[in-house]
Amino acid sequence: MFVGQAAAQEQDLQRADLNASARAKVYAATKITDDFSKPERFENMQGGAATSRKLVSRDAFSHFAANLTFEEEEKFNLGNAFFEKLWVSSPSSTFASDGLGPLFNARACQSCHIKDGRGHPPTNTTDDRVSMFLRLSVPPRTAAEKAAIASGELQVIEEPAYGRQLQDLAVPGLLAEGQMQVTYEEIKVELADGETAYLRAPSYSISDLNYGPLDAEVMISPRIAPQMIGLGLLEQIHPNDILQKQDPSDQDGDGISGRVSWVTYAGYEKQIGRFGHKASHASVRAQSAGAFAGDLGLSSPDIPKHWGECTIGQPKCLAAPHGVQKSQGDTEVPDPILELVSFYAQNLAVPMRRNVDDPQVLRGKELFYRSGCAGCHTPKYVTRKDAPNPAQQFQLIWPYTDLLLHDMGEGLADGRPVGSANGREWRTPPLWGIGLTKDVSGHTQFLHDGRARNLLEAILWHGGEAQMARDQIVAMNRLDRTSLLSFLNSL
């Protein structure tokens with residue numbers, strides 16, 4: 001939030017990685033601009049020195065950070081090989097490549113994050129559904145379950161028969177859990193200048209259930225795979241730069257009351273959640289281990305469950321062979337592989353911005369800021385000076401996110417709490433790279449479930465804390481809306 005810039009000067013939220021002189025420079029560099037006559041300094045370098053300068057193509061999200069060393073480039077490429085690796089069911093003659101499932105959603109990380117880009121919902125009955133899935137859970141009912149949620153020991157209570165995620169694929173000899181079904185209802189939205197927009201409101205259900213009925217109180221929430229760029233830079237935003245943007249009781253009266261998602265992972269103390277649609281992961285490694293377990297059914301040192309999402313109601317699944325190779329370690333994805341995949345994800349470069357000095361883009365930027373969009377989509381940060389990897393140290397970056405949870409209104413609510421996030425809250429997604437979605441992913445479908453077919457539809461779905469900003473955009477004339485969208489497409 002704008003007033004949060006001043007709050008950063010408070011003693012309790014000062015950055016310990018910087019001395020007083022450096023703090024002053026960082027504060028000046030990240031101050032919200034009020035000059036829209038020209039681009040800001042380094043604005044085109046969205047990922048700092050790590051920014052990719054490669055020509056725009058379908059591979060725009062798949063380049064390594066430009067400031068990696070030669071040895072790190074090799075590590076990145078090894079991680080990419082495991083990210084693209086197709087896992088197979090056990091037992092297999094393919095050494096150290098088995099262990100898939102037994103229930104799963106994809107055979108490779110790249111199957112969901114195609115070209116390291118954004119997933120999409122199925123467009124018809126024959127469309128590939130691999131980049132979208134359904135989360136499942138039930139409300140906590142016992143005192144022990146409620147205490148586990150409150151303490152952060154658990155983020156959700158899994159659906160008794162089907163676990164935390166619907167698995168729509170299975171290894172030979174097993175039945176998949178079921179199949180996601182989605183239907184849409186068109187909603188007409190009148191814009192102030194007489195134009196009309198149409199939104200599609202989704203409804204979700206599950207067919208072909210093979211392990212009994214769902215719990216009567218099951219909560220279902222769809223997810224599409226997010227784009228992968230800039231994750232390591234987001235990981236190195238200083239915690240105090242996130243905390244100082246909190247305003248859970250809206251003390252400044254701007255209608256925005258973002259708050260941190262606190263998560264516990266692998267026995268560590270609570271940390272700030274930064275990744276995932278509900279900010280349910282604190283690190284890239286945690287997100288990677290979660291994907292191996294939930295999407296591919298593979299165990300890792302951080303989540304050593306060899307049978308992935310199998311539940312006690314699926315005895316044949318729990319009896320299936322696993323893929324642990326003792327010569328490689330005690331899990332199907334041993335620590336070196338998990339580390340390589342995490343390194344790959346941390347170092348996918350953010351592409352250089354385009355058209356930053358175009359008058360229409362500059363006008364759109366002004367409208368974005370003046371409408372209040374920058375109240376949640378915080379433009380820029382300087383990463384930690386003590387980041388473990390020099391490639392992410394002290395970089396001026398432009399992700400356009402505060403990484404906080406916000407109430408986005410009833411229209412986007414999924415009614416499914418996750419950890420400290422309630423059923424109306426979502427993490428502010430980073431906007432860098434959003435203008436290249438069509439180039440990389442071949443579509444322009446946005447939001448957590450891909451319901452928005454373009455950026456204007458995505459804006460029109462905003463409610464709750466974003467209602468005032470959304471209404472200002474509805475009130476714009478066509479020229480101003482076009483300028484705003486031109487700015488977004490330049491990111």
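A residue is called buried when its relative accessible area is under 20%, and in this predicted model that description applies to I337, L338, L340, V341, S342, F343, Y344, A345 and Q346 of helix 10. The briefing below takes up helix 10 and helix 8, then the cavities, and finally some backbone features in the loops.

**Helix 10**

- Helix 10 covers residues 335–346, and its end C-alpha atoms lie 16 Å apart, which agrees with the 16 Å that its 12 residues should span at 1.5 Å a residue.
- Because 9 of its 12 residues are buried, helix 10 is largely enclosed by the rest of the structure.
- The cover over the buried residues of helix 10 includes helix 3 (70–84), helix 6 (231–235) and helix 8 (284–296).

**Helix 8**

- With 13 residues, helix 8 reaches 17 Å from its first C-alpha to its last, a value close to the 18 Å expected at 1.5 Å a residue.
- Of those 13 residues 11 are buried, so helix 8 is likewise largely enclosed by the rest of the structure; the buried residues are V284, R285, A286, Q287, S288, A289, F292, A293, G294, D295 and L296.
- The partners against which the buried residues of helix 8 pack are strand 1 (103–104), helix 4 (109–112), strand 2 (132–137), helix 6 and helix 10.
- Just after helix 8, G297 adopts a positive phi of about 70°.

**Cavities**

- The structure contains 3 cavities of 30 Å³ or more, and the largest of them has a volume of about 60 Å³.
- The lining of the largest cavity is formed by A50, A65, G230, L233, Q346, N347, L348, A349, V350, A391 and Q392, a set that divides into 7 nonpolar residues, 4 polar residues and no charged ones.
- Q346 links two of these topics, since this residue is among the buried residues of helix 10 and also lines the largest cavity.

**Backbone features in the loops**

- The loop between helix 3 and strand 1 holds P91, which is joined to S90 by a cis peptide bond with omega of about -10°.
- P102 is also found in the loop between helix 3 and strand 1, and the peptide bond leading to P102 from G101 is cis, with omega near 10°.
- F42, in the loop between helix 2 (20–30) and helix 3, has a positive phi of about 65° although it is not a glycine; at 47% relative accessibility, F42 counts as partly exposed.
- N355 lies in the loop between helix 10 and helix 11 (359–370), and its phi is near 60°, a positive value in a residue other than glycine.

How values were computed: Residues are numbered from 1 along each chain as its sequence is written. This is a predicted model: local features need pLDDT of at least 70, side-chain atom pairs count only at pLDDT 80 or more; totals for chains, interfaces and linings use all residues. Side-chain values use heavy atoms; hydrogens and water are left out. Helices (H or I, at least four residues) and strands (E, at least two) are DSSP runs, numbered from the N terminus. The expected span of a helix is 1.5 Å times one less than its number of residues. Buried means under 20% relative accessible area, exposed over 50%, partly exposed in between (1.4 Å probe, protein chains only). Contact means heavy atoms within 4.5 Å. On a 1 Å grid over the protein atoms alone, a cavity is a set of points where a 1.4 Å probe fits but cannot get out, and a pocket is an open set with protein on both sides within 12 Å along at least five of seven lines; lining residues have an atom within 4 Å of a point. Grid points are joined across faces, edges and corners, and a volume is the space filled by probe spheres set on the points. Ala, Val, Leu, Ile, Met, Phe, Trp, Tyr, Cys and Pro count as nonpolar, Asp, Glu, Lys and Arg as charged, and the others, Gly among them, as polar.
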